[in-house]
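Me: Can we go through the side-chain packing in this one? I'd like to start with the cysteines and then move to the rings.

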Amino acid sequence: SSVGLLCSTRFLATMVSAATLDADFDFRCLRSAEELEEWLNLCASVFGMPRNIFLRHWSSDVEPDLSGISVAIDRLTGKMVATTRVFERLLRVNRGEPETVGGVGEVCTRPEYRKRGLAKRLLHMALKYMAANGMTASALHAATTASHAYRRLGWRPVEMPVHSVVGLSTVDAALNFRELDFEQGWANAVARLAPLHEDFVSDIDGFIRTPEYWKTWIRQPAEALAPNGDAASGIMRGWEFLGNEGQTVAYIISKASASFSSVYEASLVTPENCKEEPPEKKSKQDAPAASLVVLDFATTEPAGSPASEATLMQLLALAGREFGCDSAATANV
């Protein structure tokens, strides 16, 4: 299970000068495409995940920045042994103007170098980078077991309830759906989906999507890769719900997964028949062998209204039927 955490970069930037440089390590940002290759291998090795996952995180980002990746280099061996990365995002808080924030990810250290304070030093560097680049806050997702370490550095937990639906309904045959095309038809799809999504989340605090974000991160997320890291069609699929005049009135993007932890950036309401459980009570054993994971959803109906909940349930039923899943999961993020 995981927990969301937030902190203010203004508060923590003052702590950076107190960190002492360890003479055994060189702490700096990445400098070249060649070093990026080594960094990708480091992340894949430490996380035990396919290298393509982290390559997709890099290539699909709107404005990837080498200086936003901090690393620790062993001076004796020249080996890259630990890292953190900052993702620049726009966030709306309290329905105010968008603020630039930094998402922290890819925090990892080789096992033989742990318990030396490398991650702590790199996180201080990440916070200094965010403060210098006008990012007013920082957000990250952390395993529940590791959240205490981030709290000591100033991050504070943010509730991220996980919602599950067991026993999806039957698709209404009278409704009109169209599958999304993530390839040649994606530009036209974005023209339909982006305004709908913006209206749907206009009264909800959360991340704001630029046109470039739709073209890259939404179209080619790491979640669309196979478990072995290979790109393959059909892993991530989406559908539009069409109105009487053929206009798009709702959409869903989803995938099938054995883990509830695969959820990212969904703009969702909680249907009345959903069961809500705190993340720390979830475990991999709780999840069905194949559950529908909602990656994105929006509708012309007001968020939280009975109409939007009914629309969501129909889209879940459609996606569940196509993926062969009888349950679904999502999280408010």
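**Cysteines and rings**

Reply: C108 is buried, with a relative accessible area of 6%. Bear in mind that this is a predicted model.

Me: Which cysteine sulfur is closest to the sulfur of C108?

Reply: The closest one belongs to C43, at 4.4 Å, which is too far for a bond. A disulfide would need the two sulfur atoms within 2.5 Å.

Me: How many disulfides does that rule give?

Reply: The count comes to zero.

Me: And C325, buried or exposed?

Reply: C325 is buried, at 8% relative accessible area.

Me: OK, rings. How many aromatic pairs are there?

Reply: The structure holds twelve. One of them is W186 with W214, a tilted pair with 6.4 Å centre to centre and 40 degrees between the planes.

Me: Where do W186 and W214 lie?

Reply: W186 is in helix α6, residues 186-200, and W214 is in helix α7, residues 211-218. The pair therefore ties together parts that are 28 residues apart in sequence. Both W186 and W214 are buried.

Me: What about W239 and F323, how are those rings arranged?

Reply: Their centres are 6.1 Å apart and their planes stand at 90 degrees, so the pair is edge-to-face. The cut-off for that class is over 60 degrees.

Me: Which elements does that pair tie together?

Reply: W239 lies in strand β11 (residues 236-242) and F323 in helix α8 (residues 306-323), so the parts tied together are 84 residues apart in sequence. W239 is buried at 4% relative accessible area. F323 has 19%, and it still counts as buried because the limit is under 20%.

Me: Back to W186 and W214. Which aromatic cluster are they in?

Reply: They form one cluster with F182 and Y251.

Me: Which arginine lies over the face of W214?

Reply: R209 does, at 4.9 Å from the ring centre. There is also R85, which lies over the face of F87 at 4.0 Å from the ring centre.

Me: Changing topic: helix α3. Which of its residues are buried?

Reply: In α3, residues 51-59, the buried residues are I53, F54, R56, H57 and W58.

Me: What do they pack against?

Reply: The buried residues of α3 pack against two helices, α2 (33-47) and α7, and against strands β3 (69-74), β4 (80-92) and β5 (99-109). Helix α7 is also where W214 of the tilted pair lies.

Note on methods
Residues are numbered from 1 along each chain as its sequence is written. This is a predicted model: local features need pLDDT of at least 70, side-chain atom pairs count only at pLDDT 80 or more; totals for chains, interfaces and linings use all residues. Side-chain values use heavy atoms; hydrogens and water are left out. Rings of Phe, Tyr and Trp (its six-membered ring) pair if their centres lie within 6.5 Å; planes under 30 degrees apart count as stacked, over 60 as edge-to-face and the rest as tilted. Helices (H or I, at least four residues) and strands (E, at least two) are DSSP runs, numbered from the N terminus. Buried means under 20% relative accessible area, exposed over 50%, partly exposed in between (1.4 Å probe, protein chains only). A charge sits over a ring if NZ of Lys or CZ of Arg is within 6 Å of the ring centre and within 35 degrees of the ring normal. Contact means heavy atoms within 4.5 Å.
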